Amino acid sequence: MDAPSPARVYDALLGGSHNFEVDRAAAAHGTRLLPGLPIGAVANRRFLRRAVTYLTGIGVRQFVDLGAGIPTVGNTHEIAQEHDPGSRVVYVDIDAVAVAHATAILAGNDNAVAIRGDVRMPEALLAAVDHTGLIDRGQPVALLMVALLHLLPDSDAPAAATAVLRDAVAPGSHLVISHLTSERRAEQTAMLSSAVARRDGISLVFRPRLQIAAFFGDFAPVEPGLVEISDWRPDVTEQRARLPETSLYLAGVAQKV
Ligand SMILES: C[S@@+](CC[C@H](N)C(=O)[O-])C[C@H]1O[C@@H](n2cnc3c(N)ncnc32)[C@H](O)[C@@H]1O
């Protein structure tokens with residue numbers, strides 16, 4: 001509890017209550033350097049909702065939500081099970097606090113579970129997902145990596161881990177990614193990265209478009225492709241946070257053919 005955790009800092013950015021003073025201080029520090037961070041986090045949650053709504057609409061019933069975070073408004077199982085109570089969701093996070101909170105809110109839900117896992121060890125992670133008995137990997141599944149990969153520096157080999165996960169799912173499966181990008185504000189985002197690493201020991205990697213696109217491998221992009229997060233199938237009923245800050249994230253969905 002002496003050091004901020006990415007899961008709790010993100011919760012603080014969203015205005016959640018599952019965080020400590022050290023996390024709120026880290027969130028405030030980051031926001032001073034890059035004022036769009038909280039709005040970006042909200043835009044990211046909205047993207048998650050739209051992506052899961054889209055996927056349920058086209059018949060996806062299995063979701064593996066990697067780096068799922070601390071439960072907040074509009075969690076994957078709520079969206080998916082609102083469409084079909086039989087939808088199955090496995091939440092995975094490296095953070096024990098995130099898994100504990102998720103486990104608490106999933107009590108009594110036979111079709112959703114939260115487990116601890118590390119995306120940097122994809123084979124072990126897949127074995128743990130299989131162990132839940134909720135996901136049939138012979139059938140299409142949606143893999144969610146929403147606001148996750150930018151926490152992994154290149155030295156953690158996120159591209160290789162993502163490739164293992166892509167290979168492990170059936171044709172017809174989807175991959176959902178949102179990622180902090182350096183496209184618009186290269187200098188400011190580089191400064192934030194080094195300040196956050198130095199002060200909080202958190203690695204935050206703002207990647208250029210091409211590197212983010214590469215995480216999808218040879219999956220076929222779903223329209224409109226990899227775009228600024230608020231531009232991914234915007235919902236007309238949603239008050240659209242069309243502020244420049246939302247361009248901090250690129251987001252997209254692609255399908256294994
Ligand atoms: C910024 S939060 C995003 C939460 C949620 N996906 C969303 O977009 O609203 C990122 C989450 O990834 C988790 N995480 C970081 N590194 C991870 C790893 N190597 N394996 C699994 N989860 C990880 C963190 O603990 C945190 O909860």
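This is a short walk through one predicted model, from its core and strands to its ligand shell and a few backbone details.

Some ground rules. Residues are numbered from 1 along each chain as its sequence is written. Since the model is predicted, local features need pLDDT of at least 70, side-chain atom pairs count only at pLDDT 80 or more, and totals for chains, interfaces and linings use all residues.

Core first. A nonpolar core here means a set of buried Ala, Val, Leu, Ile, Met, Phe, Trp, Tyr and Cys residues joined through C-beta atoms within 7 Å. Buried means 20 or more other C-beta atoms within 10 Å of the residue's own; exposed means 12 or fewer; partly exposed is in between; and C-beta atoms are placed from the backbone. The largest such core has 72 residues. Those with the most contacts inside it are Val-64, Leu-66, Leu-143, Leu-144, Met-145, Val-176 and Ile-177. Helix α3, residues 37-57, gives the largest share of this core, eight residues. Helices (H or I, at least four residues) and strands (E, at least two) are DSSP runs, numbered from the N terminus.

Take Leu-143. Setting aside residues up to four places away in sequence, Leu-143 touches Val-64, Leu-66, Leu-165, Val-169, Ser-173, Leu-175 and Val-176. Contact means that the two C-beta atoms, placed from the backbone, lie within 7 Å.

Now the strands. Pairing needs at least two bridges found by DSSP between the two strands. Start with β2, residues 88-93. Six of its six residues are buried. Which residues cover each face? Arg-88, Val-90 and Val-92 are buried on one side, and Val-89, Tyr-91 and Asp-93 are buried on the other.

β2 pairs with β1, residues 62-66, in the parallel sense over five bridges. Phe-63 has Val-89 of β2 as its bridge partner. Between β1 and β2 the chain passes through helix α4, residues 76-83, in a right-handed β-α-β crossover. Right-handed means that, with the strands pointing away from the viewer, the path from the first strand over the helix to the second runs clockwise.

β2 also pairs with β3, residues 112-116, again parallel, over five bridges. Here Val-89 is matched with Ala-112 in β3. The link from β2 to β3 goes through helix α5, residues 96-105, and this β-α-β crossover is right-handed too.

Back to α4 for a moment. Its buried residues are Thr-76, His-77, Ile-79, Ala-80 and Gln-81. They pack against α3, β1, β2, β3 and β4, the last being residues 142-146.

Next, β8, residues 249-255. Six of its seven residues are buried, so β8 is largely enclosed by the rest of the structure. Its partners run antiparallel. With β5, residues 174-180, there are seven bridges, and Leu-175 stands opposite Ala-254. With β6, residues 220-221, there are two bridges, and Ala-220 faces Gln-255. With β7, residues 227-228, there are two bridges, and Val-227 partners Ala-251.

The loop between β6 and β7 holds Pro-224. The peptide bond from Glu-223 to Pro-224 is cis, with omega near 5°.

On to the ligand. How many residues surround the ligand? There are 22, and the closest are Ala-7, Gly-67, Gly-69, Asp-95 and Ala-147. Near means a C-beta atom, placed from the backbone, within 6 Å. The shell splits into 13 nonpolar, four polar and five charged residues. Ala, Val, Leu, Ile, Met, Phe, Trp, Tyr, Cys and Pro count as nonpolar, Asp, Glu, Lys and Arg as charged, and the others, Gly among them, as polar. Helices α1, residues 6-13, and α3 each supply at least two shell residues.

Ala-147 deserves a second look. It sits in the loop between β4 and α7, residues 158-167. Its phi is positive, about 55°, although it is not a glycine. Is Ala-147 buried or exposed? It counts as buried because it has 24 C-beta neighbours inside 10 Å. Ala-157 lies in the loop between β4 and α7, and has a positive phi of about 55°. Ala-157 has 14 C-beta neighbours inside 10 Å, so it counts as partly exposed.

Last, two helix residues. Leu-37 belongs to α3. It is buried, with 21 other C-beta atoms within 10 Å. Beyond four places in sequence, its contacts are Leu-13, Gly-30 and Thr-31. Ala-128 belongs to α6, residues 122-132. It is partly exposed, because it has 16 C-beta neighbours inside 10 Å. Beyond four places, Ala-128 contacts Ile-115 and Gly-117.
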